[in-house]
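Student: Please give me a close look at a single part, the middle letter of the chains. I would like its contacts in one connected account.

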Amino acid sequence: MTTAETTEIEYETVIGLEIHVQLATNTKMFCSCALSFGEPPNTRTCPVCLGLPGSLPVANAEAIHYGLMMGMALGSELAPRSIFHRKNYFYPDLPKGYQISQYDEPLCLGGRLGDVRIHRVHLEEDAAKLVHVGPSGRLAASDASIVDFNRGGTPLAEIVTEPDLRDATAAAEWLRMLRATLRTLGVSDVNMEEGSLRCDANISIRPVGSTELGTKTELKNMNSFRYIERGIRAEVARQTAILRSGGTVEQETLHFDPRTEAITSLRSKEEAHDYRYFPEPDLTPVAITEAMRDRAAAALPELPLARAERFEKDLGLSADSAHLLAFRTELGDFFEAALGDNGAHAAEPQPLANWVANELVSRLGADADPSESKVQPGALAQLVAMVTAKEVTQGGARQVLDKLVATGGEPQAIVAAEGLGAVGGADELAPIVEAALAANPDVAEKLRGGDMKPIGVIVGHVMRETKGRADGGEITRLVREQLGL
Amino acid sequence: MTDLTALTAKQAVDAVAKGDLDPAELFAAYRAKAAADELNAFTWVADEGATVAADDLRAMPLAGVPLAVKDLFCTEGVPSQSGSRILEGYRPPYTATVVRRLAEAGTTLLAKTNQDEFAMGSSNENSAYGPVLNPWDRTRVPGGSSGGSAAAVASGAAPWALGTDTGGSIRQPAAHTGIVGHKPTYGTVSRYGMIAFASSLDQAGPLTRDVTDAALLYRHMIGHDACDSTSLQHPEEIVLPSAQRLDGIRLGVPEDLTGEGIEPGVLARFEATLTLAQELGATVHRVALPHADYGLSAYYVIAPAEASSNLARFDGVRYGLRVDADDLMSMYTKTRHDGFGAEVKRRIMLGTYALSSGYYDAYYGKAQKVRTKIAEDFTNAFAQVDFVVTPTAPTVPFELGSKTGDPLAMYLNDYFTVPISLAGLPAISIPAGLSEGLPVGFQLAGPAFSENRILDTAYALEQAIGFDATPGRV
Amino acid sequence: MIDREQVLHVARLARLELSEQEVGQIATELSSVLGHIEKIGELSLDDVAPTSHVVEVDNALRPDVPRPCLPREVALANAPAVQDGGFLVPSPQA
Ligand SMILES: [Mg+2]
Ligand SMILES: [Zn+2]
């Protein structure tokens, strides 16, 4: 950071997110076609989702139900009456020439998740898939695409936040929180790579301290958390450079290329869109009944924020452990399963949390689900309990966990079989310490003289003798005892 | 029996049921007539009749009686082109709910009938497959948009037919061809499989030789359809009409009726019909419909706006015409330029303009409010009278080409029918005699779901009028 | 009241190619029709609720139960151009 730069105006980033979530219903939003998971193209269609003449949409009750669950989970106000609109524009992936969406009367209004306010949540239908195929002999066009309507009409919930995020990391962090919440709700697979969770970011910058918003750009479809962070950083850098060089940011839609980190404009050559929204005459209003409300409320599971609070309050976990386990649903579930397994060995919550969050995750991989590993929750609980009871040392326990991960099994059995049990009581360890001191008279001499530096030599000796199964603290205690310190 | 096609549908049903008539012979007689049609009433005529055995047909309520169906109803494997070049040769993979229901009740698909393109028109001159001629005078239009269905029934080439009515497209051609046309309460007949013109107004209904046939066909058209979110269960079963007298029936005549250029001959037939009604015991009253005069304005915003969106699916991608081009934009614009006729383009432009940013509130928003006021007008009127009556159309059928240059003049044909459509109410047009040797229609509109009363009243009038539905060819 | 430029803009929104002669004709026709429609401007409608449906049906919803889809050959049967089991179109990017 040169002095020249520091004298320049500092800018603050303002980010709002628009998230599209594919709902995990059985059928599409407005027809009875089963949702598609990689079936051959155009094998999941009907007159409605192909937009055939004369066909009519009928809304999927379960999609409304999921929408209400999301609204409740996000603390939104559920509109007593909401309607669908037609968003009119031409594109080959849009069979009717309009998308059925919600406009000025959405299903859910307002709300908040963490410290980001929700603007609205509405329901709509997904577009079909366009595959670019390049030149095709069958067309006059130099360049051709193929449309597959399997995905067309998949139910989407669009979540729009207020511009409450201030940097790329926070945006990605919050999106993880949202994903965990939606996964816990069970309303979507929320898989960014597979497109069931899609995120656009509205990004603007303004001089620190200023309150009005700068001109925003919309960064489209970043399909991983990493890309979102990198994309937002790149766009913020671009806008900053423009403003610093005295230019002005243009309001436009942008695409981020993760490979080249390049940001390109998606603005079509055509005139600015005019979607000509009007109320969809083929659909009637959604008027939420008590029964619909009650059903959605009853379907709400414990959400990550609440779970983290419970871990902290009831189990006395540190804030970090509680948050991590609550928002990595699968880790939290494994942790609670292990905790619940009160066999002979009940594990202490915090040590167990550490072993799950550190040792287990480092062995299974950051995104792995431990319930799919060979490690039984009860086995980990037992191992952690043994550590606490000093029946096995940290080092020994790590070796046991390696085995559990590799082959599964019972910690006690492994300890016995591998002879990893801690060399405990003084009677067993004292002679070995004595031998170590005898074998290193010079070191013993220094220690007697009060210079404790070389005690490591003795500890090392004993560890070698015990194949690392001795407890370092215990060794030091015995050395002091035997040298009368 | 000599000429089987002289029977009304109800007479034919009874004859088949009694075993006096072979449905296959009946179909053959109509097929021959339809194949020989010179009015351009049909876009497709079936080769064979029912696939159902005669004995089974006998047991069915509509006993295999042939049915002509407006082109815009999707019929599986059979051309369904909605009178448009953009759907030339289009054969849908499914059948419209109402056509399926009627087949299940025993009708046999005889033919698809010509119509104004996408049901946009009042003269049937907007069909990509050529105009339909009026069987009463072949130099004149049969009305529209269900002109093919009307001409087919009036000329005896079909016992009865399905049409659709958005702003008058069943009633006005029925009036112009001297037959009965019934536009039901919006929602009582499923729209699933009807190629849409204006979704919030489109409604299917019968075109028949008499009121009894209209009741019989409508009875088997209704019923809630899970595939149409706007479909309703009719609260009443439809019964065949039987009234001889109209004692206690109050007919309401709109105050400013003599307004929009009604021809004297048409007005004379209308007043003669009112006199007959009074002789049957009815009373005639003046009713105020203060906003009816704004009906056409609201209609010509709402219908084109919805149409501009409904017709966006005709893009050359999944079905219908495509004009190849080097780029997508040109493929779209050329396909739609060549595929749509002048009137359809006009209304797409009008509707797109009315919805475009900056104009929505001034046009579509206002029109929807006018719609509310018009519905209120009718609610108030029906607090004082049982039915509102008007001539169906202000004029007798006009000469081919006489109004094609002047859209506005053409739109005025729907002056009496449009307000009722905007309110979603049921109405019927029955023949009220001739003026200058050409048919004149009498329109009877009632509250929502009042079909049984409308049909009964229309039946009593029909008996009193004693109109002969066979065209006296000029 | 509606000029050439507006006609061209609306035609583009509607994806309609218009010949020079059609542009002029439609401009005049739309103007006359819009002139008639202006009639509704006479009414004061501020506190009137708009009607988008004449039927009062709420929650016409569908149970989330799959029904058979169309066989692919049927779905593609009416397509002007087909390739690799899909609908072939000029690329939007081109
Ligand atoms: Mg969206
Ligand atoms: Zn479908």
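Tutor: What follows is about chain B and its contacts, with a short look beyond them. This is a predicted model, in which local features need pLDDT of at least 70 and side-chain atom pairs count only at pLDDT 80 or more, while totals for chains, interfaces and linings use all residues. Residues are numbered from 1 along each chain as its sequence is written, chains are lettered from A and ligands numbered from 1 in the order in which they are written, and side-chain values use heavy atoms, with hydrogens and water left out.

Start with chain C. Chain B puts 61 residues into this contact, and chain C puts in 55 residues; contact means heavy atoms within 4.5 Å. Chain B and chain C bury about 5,000 Å² between them. Carbon and sulfur atoms carry 70% of that area. Buried area is the accessible area (1.4 Å probe) that two parts lose on being put together, summed over both. In chain B, the most area is lost to chain C by Y294(B), M349(B) and K369(B), together 13% of what that side buries.

Now the polar side. Four salt bridges link chain B and chain C. A salt bridge needs a side-chain nitrogen of Lys or Arg within 4 Å of a carboxyl oxygen of Asp or Glu. E22(C) pairs this way with K345(B), with the closest N and O atoms 3.3 Å apart. The interface of chain B and chain C also has 20 residue pairs in polar contact, both at pLDDT 80 or more. A polar contact is a pair of N or O atoms within 3.5 Å; within protein, one must be able to donate a hydrogen and the other to accept it, and residues adjacent in sequence count only if both atoms are side-chain atoms.

Which elements of chain B supply at least two residues each to the side that touches chain C? They are α9 (295-310), α10 (328-339), α11 (342-355), α12 (361-384) and α13 (407-411). Helices (H or I, at least four residues) and strands (E, at least two) are DSSP runs, numbered from the N terminus. α12(B) gives the largest share, 10 residues. By class, this side of chain B has 32 nonpolar, 15 polar and 14 charged residues. Ala, Val, Leu, Ile, Met, Phe, Trp, Tyr, Cys and Pro count as nonpolar, Asp, Glu, Lys and Arg as charged, and the others, Gly among them, as polar.

Turn to chain A. Here 41 residues of chain B meet 36 residues of chain A. The two chains bury about 3,000 Å² between them, 59% of it on carbon and sulfur atoms. S229(B), R313(B) and R318(B) lose the most area to chain A within chain B, together 20% of what that side buries. One salt bridge crosses the interface of chain B and chain A. D282(A) and R191(B) meet in a salt bridge at 3.0 Å, N to O. Polar contacts join 17 residue pairs between these chains, both at pLDDT 80 or more. α9, α10 and α11 of chain B each give two or more residues to the side that touches chain A. That side of chain B has 22 nonpolar, 10 polar and nine charged residues.

Last, the wider setting. Over all chains, the whole structure has 57 salt bridges. One of them joins R117(A) and D164(A) at 2.6 Å, N to O. R117(A) lies in strand β9 (residues 116-125) of chain A and D164(A) in the loop between β12 (155-161) and α3 (168-185) of chain A, so the pair ties together parts that are 47 residues apart in sequence.
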